[in-house]
Amino acid sequence: MSVLQKPTDFTSDQEIRWCPGCGDFAILAQMKKLLPTLGIPPEDIVFVSGIGCSSRFPYYLETYGIHGIHGRAPALATGLARMRPDLQTWVVTGDGDGLSIGCSHLIHALRRNVNIKILLFNNQIYGLTKGQFSPTSPQGLVTGSTPKGTVHEPLNALSVALAGKATFVARSVDTNAKHLGEVLRRAALHRGSAFVEIYQNCHIYNDGAFDYAKNAKIKANHVVELNHGEPLIFGTEQDLAVGLNGPRLETIKQRGGEWADKPLIHDETNQDSSLAQMIAQMRHPEMPEAIGVFRAIKAPTHNDLMPDQSPTTKERAKRLKKQLTSGQTWTVA
Amino acid sequence: MTYVVVEACIKCKHTDCVEVCPVDCFYEGENMLVIHPDECIDCGVCEPECPVDAIKPDTEPGMESWVTLNAELAAIWPVITEQKDAPADAEEWADKPDKLALLSRNPGEG
Ligand SMILES: Cc1ncc(C[n+]2csc(CCOP(=O)(O)OP(=O)(O)O)c2C)c(N)n1
Ligand code: SF4
Ligand code: SF4
Ligand code: SF4
């Protein structure tokens, strides 16, 4: 057992295959800073991924890693977390991997509250396969496979996670180092399924997709940071806020230093996810987009709910045999 | 790992590198730029942008002293996020060897 101390201790010997300038580098850098602070030996950490540029993440960390099959990382990780609760299990997926082919695996892993931390790198494009639209591509995006622009409404990653009843739901931005570091730390410490959407710039096929949320000059007017117990205030002058008007959210403005309408106060522990859904659905440019922890609630994990179902391998084989021959079976002639 | 700015940048300062860095980790001195080693995410996008080949990965041999110098100066110089015109005599200095003695520790405008 060894506890590593420095980010470089978690650097593997693999040559990085991402394009220069890719946002994935920024996420990797934050992960390398986080891991040594957790006090978990590297041999007790596993990164499971699917397929995509994002899914190459496990190669670049000096921990265990599984480069799985397309969209199936949550299923693989569920099995691992079930049988090896002593490990810290992370999943790295992309908007294609996690929300196209793997969308149902994602939802059900969350619904079961498996003790895994899922990071979805959202670059609104299929990067690895050279730039086709993904389920999160904004409507009208011209890509290699949509020369006249995409026609459908995009999926909202956090809406999916909240619908899946994830007990921890957060969003951050690849190059917002401090924010991302803190969100990853919170996810690492969460007991149960944690889901983090990370806005990630694909420098080659969808460059600048999140400029409004990254450009230091303008982002204050387009991004609102969620902090538990605090109002949703934003803007370069901190004079804008998100308020609840009947059944909808709207942007409100301070006048003469006073709020005519009350800014919404964030409560990440709310069992009811309706407000979190509304906040997740705020979209640029009509509304500011929210980053931070949307929801963090305590609930029994998948393993907690099946305490008597962790038998030894031998017992499992015996039980399985008994189960398979326990009536409800017949021989096909 | 980090990328570092080395000697060739001194008195050259084209600042092409600054435009492309996704995390704004270039810091400006009077006649050189440096990279903040703790902020650089190793993305490598700046390396080919530099017209005088002054940006190197710290994995190249002989980089230790440059990493130290970049770290030290990044802590005291202001961040630079937008490209500026290169000094008028930049071309003259581009290929000159042994410029380290000319390095000014004074901060740039940022
Ligand atoms: C079963 C299967 N179907 C399709 C593919 C082709 N494929 C590879 S990666 C990918 C999408 C990747 O997109 P995303 O998850 O957004 O990752 P990115 O490369 O953008 O990080 C697809 C469709 C595949 N590898 N396997
Ligand atoms: S194609 Fe896009 S997402 Fe993939 S490595 Fe290159 S920049 Fe990153
Ligand atoms: S482009 Fe090269 S020479 Fe110019 S400022 Fe950047 S590192 Fe220095
Ligand atoms: S390698 Fe990337 S992060 Fe580092 S200085 Fe260059 S552009 Fe910036």
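These are my notes on a two-chain model, its interface, chain B as a whole, and a few residues and salt bridges. The model is predicted, and I read every value below with that in mind.

**Entry 1: the interface**

I began where the chains meet. I found 11 residues of chain A in contact with 10 residues of chain B. The two chains bury about 810 Å² between them. Of that area, 58% is on carbon and sulfur atoms. Which residues of chain A lose the most area to chain B? I noted G21(A), F25(A) and T175(A), which together account for 41% of what that side buries.

Next I looked for charge pairs across the interface. The rule finds 1 salt bridge there. K217(A) pairs with E82(B), and the closest N and O atoms are 2.2 Å apart. I also logged 3 residue pairs in polar contact across the interface, both partners at pLDDT 80 or more. By class, the side of chain A that touches chain B has 5 nonpolar, 4 polar and 2 charged residues.

**Entry 2: helix α1 of chain A**

F25(A) sent me to its helix. Helix α1 of chain A covers residues 24-34. It is mostly covered, with 10 of its 11 residues buried. The buried residues include D24(A), F25(A), Q30(A) and K32(A). A26(A), I27(A), L28(A) and M31(A) are also among them. What do the buried residues of α1(A) pack against? I listed strands β1 (45-49), β3 (88-94), β4 (116-122) and β6 (194-199), along with helix α6 (177-189), of chain A.

**Entry 3: C202(A)**

I then checked a cysteine in chain A. C202(A) lies in the loop between β6 and α7 (211-214). Is C202(A) buried or exposed? Its relative accessible area is 7%, under the 20% cut-off, so C202(A) counts as buried. Leaving out residues up to four places away in sequence, C202(A) touches N123(A), I125(A) and D207(A). I also took one distance: C202(A) and L158(A) are 44 residues apart in sequence and 20 Å apart in space, C-alpha to C-alpha.

**Entry 4: chain B as a whole**

I turned to chain B. It has 3 helices and 4 strands. From the N terminus on, the elements run β-α-β-β-β-α-α. The radius of gyration is 12 Å, close to the 13 Å that the globule rule gives for 110 residues, so chain B is as compact as a globular protein of that length. The C-alpha trace spans about 30 × 30 × 25 Å along its principal axes. Buried residues make up 51% of the 110 residues. I also checked contacts between residues at least 6 apart in sequence: 78% of them join residues at least 24 apart.

**Entry 5: N31(B)**

Where does N31(B) sit? I placed N31(B) in the loop between β2 (26-28) and β3 (33-35) of chain B. N31(B) is buried, with a relative accessible area of 12%. I set aside residues up to four places away in sequence and listed what N31(B) touches. One stretch is C9(B), I10(B), K11(B), C12(B) and K13(B). The other is L102(B), L103(B) and S104(B).

**Entry 6: salt bridges**

How many salt bridges does a search of the whole structure find? I got 14 over all chains. I followed up three pairs within chains.

In chain A, R185(A) pairs with E182(A), the closest N and O atoms being 2.9 Å apart. Both lie in helix α6, 3 residues apart, about one turn of the helix. R185(A) is partly exposed at 32% relative accessible area. E182(A) is partly exposed at 37%.

Also in chain A, E289(A) and R283(A) meet in a salt bridge at 3.2 Å, N to O. Here E289(A) is buried at 3% relative accessible area, whereas R283(A) is partly exposed at 28%.

In chain B, E28(B) and K13(B) meet at 2.9 Å, N to O. E28(B) lies in strand β2 and K13(B) in the loop between β1 (3-5) and α1 (16-20), so the pair ties together parts that are 15 residues apart in sequence. Both residues are buried. I traced the pair further: K13(B), E28(B), K84(B) and E109(B) are linked in a network of salt bridges. K13(B) had already come up among the residues that N31(B) touches.

Technical notes. Residues numbered from 1 in each chain as written. Chains lettered and ligands numbered in written order. Predicted model: local features only at pLDDT ≥ 70, side-chain atom pairs only at ≥ 80, totals over all residues. Heavy atoms only, no water. Contact = heavy atoms within 4.5 Å. Buried area = accessible area lost by both parts, 1.4 Å probe. Salt bridge = Lys/Arg side-chain N within 4 Å of Asp/Glu carboxyl O. Polar contact = N/O pair within 3.5 Å; in protein donor to acceptor, adjacent residues only side chain to side chain. Nonpolar A, V, L, I, M, F, W, Y, C, P; charged D, E, K, R; others polar. Helix = DSSP H or I, 4+ residues; strand = E, 2+ residues; numbered from the N terminus. Buried < 20%, exposed > 50% of the residue type's maximum accessible area, 1.4 Å probe, protein only. Rg over C-alpha atoms; globule rule 2.2 N^0.38 Å.
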